[in-house]
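Please open the structure in your viewer and keep the sequence panel visible beside it. The stops below are meant to be selected one after another.

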Amino acid sequence: NHTTHPFPDVVLNPEVQHVPLDPAKSTLRPPPPQLTAGSASSATILVTAVSFRDGQRCAYTILSALRRARHPDRVRIAVVDQALDGEDRCLPTYCELARVEFATATAEKSQSHCPYRDQLVVDERDARK
């Protein structure tokens, strides 16, 4: 079902996606979140992303966010996915990866056709427009 990746030389590795390339800056990370209301124990986190003709990288980004979250059930992800006909789309690619990745998770999530699907909003668009 997968088409040829548009950037075959790009290695997708969620373990190092957010590590700066400059070794002198390898310890840099985004600042911790600041809560303005509510409690840290019940807060949800909204992750937004845009994918232009790269459903594989988009899917790995979602997978990485949910894998790394201490409370993945509190993460919400919104994506605008722009692709051409026949190219990989973010959501179906994520679902394939997530079924394998979360196979040992809680019964509710691992039995799902697409783990954490109810926490994802994906707006699919034609990349030509």
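Begin by selecting histidine 71, which is partly exposed, with a relative accessible area of 38%. In this predicted model, histidine 71 sits in the loop between helix 1 and strand 2. If you add serine 41 to the selection, you will have two residues that are 30 apart in sequence, with a C-alpha to C-alpha distance of 9.3 Å in space.

Before moving on, colour the whole protein chain by secondary structure, and it will show 3 helices and 3 strands, which follow the pattern β-α-β-α-α-β when read along the sequence. Of the 129 residues in the protein chain, 32% count as buried. With a surface displayed, the protein chain exposes about 8800 Å², of which carbon and sulfur atoms supply 55%. Among contacts between residues at least 6 apart in sequence, 76% join residues that are at least 24 apart.

Next, select helix 1 (55-68) and helix 2 (90-101) together. Two packed helices are described by the angle between their axes and the distance between the axes. Here helix 1 and helix 2 pack at an angle of about 45 degrees, and their axes are 8 Å apart. That angle makes helix 1 oblique to helix 2, and the crossing in which helix 1 passes helix 2 is right-handed. To see which side chains line this contact, show the helix 1 residues that meet helix 2, including Cys58, Ile62, Leu63 and Leu66, together with their counterparts in helix 2, among them Cys90, Tyr94, Leu97 and Ala98.

From there, turn to the interior. In soluble globular proteins, nonpolar side chains tend to be buried together. The largest nonpolar core of this model has 18 residues, and those with the most contacts inside it are Ile62, Leu66, Ile77, Val79, Tyr94, Phe102 and Leu120. Helix 1, strand 2 (75-83) and helix 2 each supply at least two residues of this core. Which residues does leucine 66 contact once its neighbours within four places in sequence are left aside? Centre the view on leucine 66 and display Pro72, Val75, Ile77, Tyr94, Phe102, Tyr116 and Gln119, all of which are in contact with leucine 66.

One of those partners, tyrosine 116, deserves its own selection. Tyrosine 116 lies in the loop between helix 3 (107-110) and strand 3 (120-126), and its phi is near 65 degrees, a positive value in a residue other than glycine. Is tyrosine 116 buried or exposed? At 8% relative accessibility, tyrosine 116 counts as buried.

Now select arginine 53, which also has a positive phi, of about 60 degrees, although it is not a glycine. Arginine 53 is placed in the loop between strand 1 (45-52) and helix 1, and at 30% relative accessibility it counts as partly exposed.

Finish at arginine 76 in strand 2, a residue that is partly exposed, with a relative accessible area of 34%. Not counting residues up to four places away in sequence, arginine 76 touches Thr44, Ile45, Leu46, Val47 and Gln119, and Gln119 is a residue you have already displayed as a contact of leucine 66. As a last step, label alanine 65, which is 11 residues from arginine 76 in sequence and 9.8 Å from it in space, C-alpha to C-alpha.

Key: Residues are numbered from 1 along each chain as its sequence is written. This is a predicted model: local features need pLDDT of at least 70, side-chain atom pairs count only at pLDDT 80 or more; totals for chains, interfaces and linings use all residues. Side-chain values use heavy atoms; hydrogens and water are left out. Helices (H or I, at least four residues) and strands (E, at least two) are DSSP runs, numbered from the N terminus. Buried means under 20% relative accessible area, exposed over 50%, partly exposed in between (1.4 Å probe, protein chains only). Contact means heavy atoms within 4.5 Å. Accessible areas come from the Shrake-Rupley method with a 1.4 Å probe; for residues, only the protein chains shown count as cover. A nonpolar core is a set of buried Ala, Val, Leu, Ile, Met, Phe, Trp, Tyr and Cys residues joined through side-chain atoms within 4.5 Å. Axes are lines fitted to C-alpha atoms, for helices over the stretch in contact, and angles run from 0 to 180 degrees between N-to-C directions. Angles under 35 degrees count as roughly parallel, over 145 as roughly antiparallel, 65 to 115 as roughly perpendicular and the rest as oblique. A crossing is left-handed if the near helix is turned anticlockwise from the far one by less than a right angle, and right-handed if clockwise.
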